[in-house]
Amino acid sequence: MTVPFQFVVQAISVIVIIIYSFTISFILAKLIDKLLNGIRVEEDEEISGLDTNLHEESAYN
């Protein structure tokens, strides 16, 4: 194998892995979103602070 050919093979491999990783991550995120009725917290919980709402602690006084 020549060096330019090896470079092209590796570049194509990197692109394929990026597309594969994005696709799998997207599918898993959508699946989790459907199973858990959303990934994000409620807007009022987010505004008041997640430390207080989720952990009942105040991180910054």
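This report describes the helices, one loop residue and one salt bridge of a predicted model.

The helix α1 covers residues 3–35 and is separated by a loop from α2, residues 43–48. α1 has 33 residues, and the distance from its first C-alpha to its last is 48 Å. That distance is close to the 48 Å expected at 1.5 Å a residue.

An unreviewed UniProt entry annotates residues 6–29 as "transmembrane region". In the model, this span is 100% helix and 0% strand. The C-alpha atoms at the two ends of residues 6–29 are 34 Å apart.

After α1 comes asparagine 37, which has a positive phi. The angle is near 55 degrees, and the residue is not a glycine. Asparagine 37 belongs to the loop between α1 and α2.

The salt bridge count is one. The pair is glutamate 46 and arginine 40, with the closest N and O atoms 2.7 Å apart. Those atoms qualify because the cut-off for a salt bridge is 4 Å.

The table gives the relative accessibility of three residues discussed above.

| Residue | Relative accessibility | Class |
|---|---|---|
| Asparagine 37 | 73% | exposed |
| Arginine 40 | 64% | exposed |
| Glutamate 46 | 38% | partly exposed |

The classes follow from two cut-offs: a residue is exposed over 50% and buried under 20%, so a value in between is called partly exposed. In the salt bridge, then, arginine 40 is exposed at 64%, whereas glutamate 46 is partly exposed at 38%. The loop residue asparagine 37 is exposed at 73%.

How values were computed: Residues are numbered from 1 along each chain as its sequence is written. This is a predicted model: local features need pLDDT of at least 70, side-chain atom pairs count only at pLDDT 80 or more; totals for chains, interfaces and linings use all residues. Side-chain values use heavy atoms; hydrogens and water are left out. A salt bridge is a side-chain nitrogen of Lys or Arg within 4 Å of a carboxyl oxygen of Asp or Glu. Buried means under 20% relative accessible area, exposed over 50%, partly exposed in between (1.4 Å probe, protein chains only). Helices (H or I, at least four residues) and strands (E, at least two) are DSSP runs, numbered from the N terminus. UniProt positions are given in the numbering used here, feature names are shortened, and annotations may be inferred rather than shown by experiment. The expected span of a helix is 1.5 Å times one less than its number of residues.
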